Amino acid sequence: MTGDSMPGAEVVPRWSRAVGVAVVDVPDADEQPSEAGGEHPADGSAVPEAGGVVYLAPLPDGPVAVLSGASAVLYRALVAGDGDPVARVARDLGVSPEDVDAEAIDDFADELVEAGLIVRHGAGQPGAL
Amino acid sequence: MSAAPDLVPRRVRAAFAHAAVQQAATRIGVRVLHIKGVAVDDDLRSRGGATDADILVDPEGVGLLLAELTTLGWDRYSDFLTGSPFGHAATMHHPHWGYADLHRFFPGMHQDPQATFEELWAGRQQGEIAGFPCPVPSAAGQVLVLVLNNLRNRRAVLTDPRVAQVQAEPKAWAQVEALVPRVHADVAFGAAMGRLEEHRGTREYWMWKVTTEGGSRSAEWLARVRAEPTLRGRAGLLLRVPLVNTEVLEHQLGRPPTRAEVGREFVHRGRQGARELRSALARRWRRRAP
């Protein structure tokens with residue numbers, strides 16, 4: 001099963017976080033974390049970015065991958081497993097599904113797979129959303 | 001996409017440190033319990049959030065885990081013997097995950113580390129940190145760690161809203177009180193609850209007396225010596241008193257200290273200790289003088 005939406009059928013995610021990759025999702029994080037260690041720079045200049053930040057850590061060696069804003073939204077849509085990533089992205093960004101570039105999501109998924117951060121499941125062919 | 005460690009918030013790195021240590025421990029079959037910080041229930045978390053990972057390790061496996069982490073690129077930041085008067089934790093550092101404090105026991109429930117670990121392990125629950133399954137102590141165990149940690153750090157226990165919240169629930173508080181004797185934490189818990197005098201005459205009394213009422217580092221060490229149950233343990237502690245923490249000195253200097261620098265620090269600590277002892281003796285003399 002590839003995870004295509006079918007009435008009455010169980011939806012299987014086509015992507016999931018790779019084994020050995022840790023994740024911290026900060027949905028309401030500011031875009032630029034401070035070097036002092038908090039999410040807020042000392043000068044208070046950060047503007048919260050829609051989508052927050054997802055930190056992915058391939059253990060045991062690293063380094064940490066930081067997905068912020070739209071990238072964080074795309075990642076969540078890919079691994080959510082609750083249906084079509086395009087619909088999920090459209091919902092999260094508050095736009096129409098027609099306005100979401102499915103090919104861009106697919107390219108992004110390929111990048112994450114190549115980086116070893118997520119894995120593709122099922123018989124779905126790479127590049128097919 | 002990859003980020004320099006400085007651009008990753010410390011509390012995020014702390015969560016990854018928990019997961020990384022858990023992964024290593026699982027691989028080599030060493031049992032660990034994640035404590036404090038992101039490992040505890042939401043109601044018990046401090047507002048600031050933890051900046052390192054605290055992990056209680058099966059005392060029998062702690063050496064194995066330290067060796068495994070070293071092979072995985074972690075450096076030893078400080079050792080058990082030089083870290084604190086309790087000698088309870090070694091700090092490891094990883095360039096990406098930051099700091100992890102590995103506890104071979106927890107101060108306040110340190111009389112029988114192995115039996116205490118077994119007790120806490122038996123009551124464990126499954127938590128999740130950074131998407132990894134991580135065992136954590138029972139709710140009562142988490143509260144007890146919070147209470148004893150506040151005590152050790154000279155922070156208020158009775159007025160801590162997180163503690164007060166549990167005290168307000170008789171059933172939950174009864175579970176904490178029931179756990180105390182099972183992990184031999186009677187004296188420390190008594191001290192935290194303002195009932196230390198009920199334990200006068202016990203070996204641990206002076207240790208918590210100094211901790212709760214304040215005292216110099218020398219006084220803290222000497223009280224710890226008095227609390228040691230065996231002569232061997234006492235001798236070990238006395239030998240450690242003047243030891244220079246070379247790991248910390250190295251981190252302060254940014255390079256390994258030379259023999260001369262270690263020597264200077266040794267003399268400095270010796271002088272400081274002597275000054276503290278002279279002050280203590282003078283205070284005692286003044287109290288005794290009519």
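This tour passes through a predicted model, chain by chain and site by site.

**Chain A**

Begin by selecting chain A and colouring it by secondary structure. Three helices and five strands should appear. Followed from the N terminus, the elements come in the order β-β-β-β-α-α-α-β. Of the 129 residues in this chain, 40% are buried. Its accessible surface is about 6,500 Å², and carbon and sulfur atoms account for 53% of that area. Contacts may be considered next: among those in chain A that join residues at least 6 apart in sequence, 51% link residues at least 24 apart.

Now select helix H1 of chain A, residues 70-80. Within this helix, the buried residues include Leu74(A), Tyr75(A) and Arg76(A). Ala72(A), Val73(A), Ala77(A) and Leu78(A) are buried as well. Move on to Gly81(A), which follows H1(A) and has a positive phi, near 70°.

**Chain B as a whole**

Turn to chain B, where 13 helices and eight strands are found. This chain has 290 residues, and 47% of them count as buried. The accessible surface amounts to about 14,400 Å², with 53% belonging to carbon and sulfur atoms. Of the contacts in chain B between residues at least 6 apart in sequence, 58% connect residues at least 24 apart.

**The largest nonpolar core**

Select Tyr55(A), Phe16(B), Leu65(B), Trp74(B), Trp97(B) and Leu102(B) together. The largest nonpolar core has 41 residues, and these six touch the most other members. Several elements each supply at least two residues to this core: from chain A, strand S2 (21-26) and strand S3 (53-58); from chain B, helices H1 (10-28) and H2 (62-71), with strands S3 (53-57), S5 (89-94), S6 (98-103) and S8 (132-136). Which of them gives the most to the core? That element is H1(B), with nine residues.

Centre the view on Trp74(B) and display its surroundings. Apart from neighbours within four places in sequence, Trp74(B) has contacts that include Ala17(B), Ala20(B) and Val21(B). Leu69(B), Met92(B), His93(B) and His94(B) are also among its contacts, as are Trp97(B), Gly98(B) and Ala100(B).

A second core, separate from this one, contains 38 residues. Trp121(B), Val166(B), Val176(B) and Ala191(B) are among its members.

**Helix H1 of chain B**

Return to H1(B) and view the helix from the side. Its 19 residues reach 27 Å from the first C-alpha to the last, close to the 27 Å expected at 1.5 Å a residue. Of these 19 residues, 14 are buried, so the helix is largely enclosed by the rest of the structure. Just after H1(B) comes Gly29(B), with a positive phi of about 75°.

**Aromatic pairs and a charge over a ring**

The structure has five aromatic pairs over all chains. For one of them, show the side chains of Phe16(B) and Trp97(B), which form an edge-to-face pair with centres 5.9 Å apart and 70° between the planes. Phe16(B) belongs to helix H1 of chain B and Trp97(B) to the loop between S5 and S6, so the pair ties together parts that are 81 residues apart in sequence. Both residues are buried.

Next, select Tyr205(B) and Trp206(B), another edge-to-face pair, at 5.2 Å centre to centre and 85° between the planes. Are the two partners buried or partly exposed? Tyr205(B) is buried, with a relative accessible area of 0%, whereas Trp206(B) counts as partly exposed at 33% relative accessibility.

For a charged residue beside a ring, select Arg104(B) and Phe80(B). Arg104(B) lies over the face of Phe80(B), 4.3 Å from the ring centre.

**Two last stops**

Select Ala53(B) in strand S3 of chain B. This residue is buried, its relative accessible area being 0%. Excluding neighbours within four places in sequence, Ala53(B) is in contact with Ala14(B), Ala17(B), His18(B), Tyr99(B), Ala100(B) and Asp101(B). From Ala53(B) to Val21(B), the C-alpha to C-alpha distance is 9.0 Å, while 32 residues separate them in sequence.

Finish at Gln165(B), located in helix H6 (residues 161-167) of chain B. Gln165(B) counts as partly exposed, at 34% relative accessibility. Add Asp43(B) to the selection: the two residues are 122 apart in sequence, and their C-alpha atoms lie 8.7 Å apart in space.

Terms used
Residues are numbered from 1 along each chain as its sequence is written. Chains are lettered from A and ligands numbered from 1 in the order in which they are written. This is a predicted model: local features need pLDDT of at least 70, side-chain atom pairs count only at pLDDT 80 or more; totals for chains, interfaces and linings use all residues. Side-chain values use heavy atoms; hydrogens and water are left out. A nonpolar core is a set of buried Ala, Val, Leu, Ile, Met, Phe, Trp, Tyr and Cys residues joined through side-chain atoms within 4.5 Å. Buried means under 20% relative accessible area, exposed over 50%, partly exposed in between (1.4 Å probe, protein chains only). Helices (H or I, at least four residues) and strands (E, at least two) are DSSP runs, numbered from the N terminus. Contact means heavy atoms within 4.5 Å. Accessible areas come from the Shrake-Rupley method with a 1.4 Å probe; for residues, only the protein chains shown count as cover. Rings of Phe, Tyr and Trp (its six-membered ring) pair if their centres lie within 6.5 Å; planes under 30 degrees apart count as stacked, over 60 as edge-to-face and the rest as tilted. A charge sits over a ring if NZ of Lys or CZ of Arg is within 6 Å of the ring centre and within 35 degrees of the ring normal. The expected span of a helix is 1.5 Å times one less than its number of residues.
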